[in-house]
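This report is meant for a reader meeting the structure for the first time. Please keep the sequence and the 3D view at hand while reading.

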Amino acid sequence: MSWSWRFETASGALVDPGEVGGAEFSAQGDAESWLGEIWRDLADRGVGQVYLLEDGREVYGPMSLSSAE
């Protein structure tokens, strides 16, 4: 099993994972922990929302990366 994130701008345009440091993970928890550590950096690079994928299948999303202020 492979877990990864699909990155999009706030308007839904795809963001190349290579441009924002995307990675693949062997467990869902690892993918979610990684996102929890790096989401602010992703938002600063123009990522507005993410989807979690398992072997290319959408598990959940969109999840906004905008902070509630």
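## E8 and its surroundings

In this predicted model, E8 counts as buried because its relative accessibility is 8%, which falls under the 20% cut-off. The residue lies in strand β1, and its side chain is joined to that of R6 by a polar contact of 3.3 Å.

Leaving aside residues up to four places away in sequence, E8 touches A13, L14 and V15, and it also touches G46, V47, G48, Q49 and Y51.

## The sheet

Four strands form an open sheet in the order β2-β1-β3-β4, and their pairing is antiparallel. The edge strands, each of which pairs on one side only, are β2 (14–15) and β4.

Between β3 and β4 the antiparallel pairing extends over 5 bridges. L52 has Y60, in β4, as its bridge partner.

## The helix α2

The 17 residues of α2 should span 24 Å at 1.5 Å a residue, and this agrees with the end C-alpha atoms, which are 24 Å apart. The helix nevertheless has a bend of about 60 degrees at I38. Just after α2 comes G46, which takes a positive phi of about 100 degrees.

Buried positions in α2 are A31, W34, L35, I38 and L42. An α-helix has 3.6 residues a turn, so residues three or four places apart point the same way. The buried residues of α2 pack against the strands β1, β3 and β4 (57–64), and also against the helix α1 (17–20).

## The nonpolar core

Which residues have the most contacts inside the largest nonpolar core? This core has 15 residues, and those with the most contacts inside it are W5, F7, W34, L42, V47 and V50. Two or more residues of the core are given by each of the elements β1 (3–8), α2 (28–44) and β3 (49–54), and the largest share, 5 residues, comes from α2.

F7 shows how several parts of the chain come together around one core residue: not counting residues up to four places away in sequence, F7 touches W34, L42, V47 and V50, which are also listed among the residues with the most contacts inside the core. The other residues that F7 touches are A13, L14, V15, P17, V20, G22 and Q49. Of these, A13, L14, V15 and Q49 are also touched by E8, as is V47.

Notes. Residues are numbered from 1 along each chain as its sequence is written. This is a predicted model: local features need pLDDT of at least 70, side-chain atom pairs count only at pLDDT 80 or more; totals for chains, interfaces and linings use all residues. Side-chain values use heavy atoms; hydrogens and water are left out. A nonpolar core is a set of buried Ala, Val, Leu, Ile, Met, Phe, Trp, Tyr and Cys residues joined through side-chain atoms within 4.5 Å. Buried means under 20% relative accessible area, exposed over 50%, partly exposed in between (1.4 Å probe, protein chains only). Contact means heavy atoms within 4.5 Å. A polar contact is a pair of N or O atoms within 3.5 Å; within protein, one must be able to donate a hydrogen and the other to accept it, and residues adjacent in sequence count only if both atoms are side-chain atoms. The expected span of a helix is 1.5 Å times one less than its number of residues. The bend at a residue is the angle between axes fitted to the seven residues ending there and the seven starting there. Two strands pair if DSSP finds at least two bridges between them.
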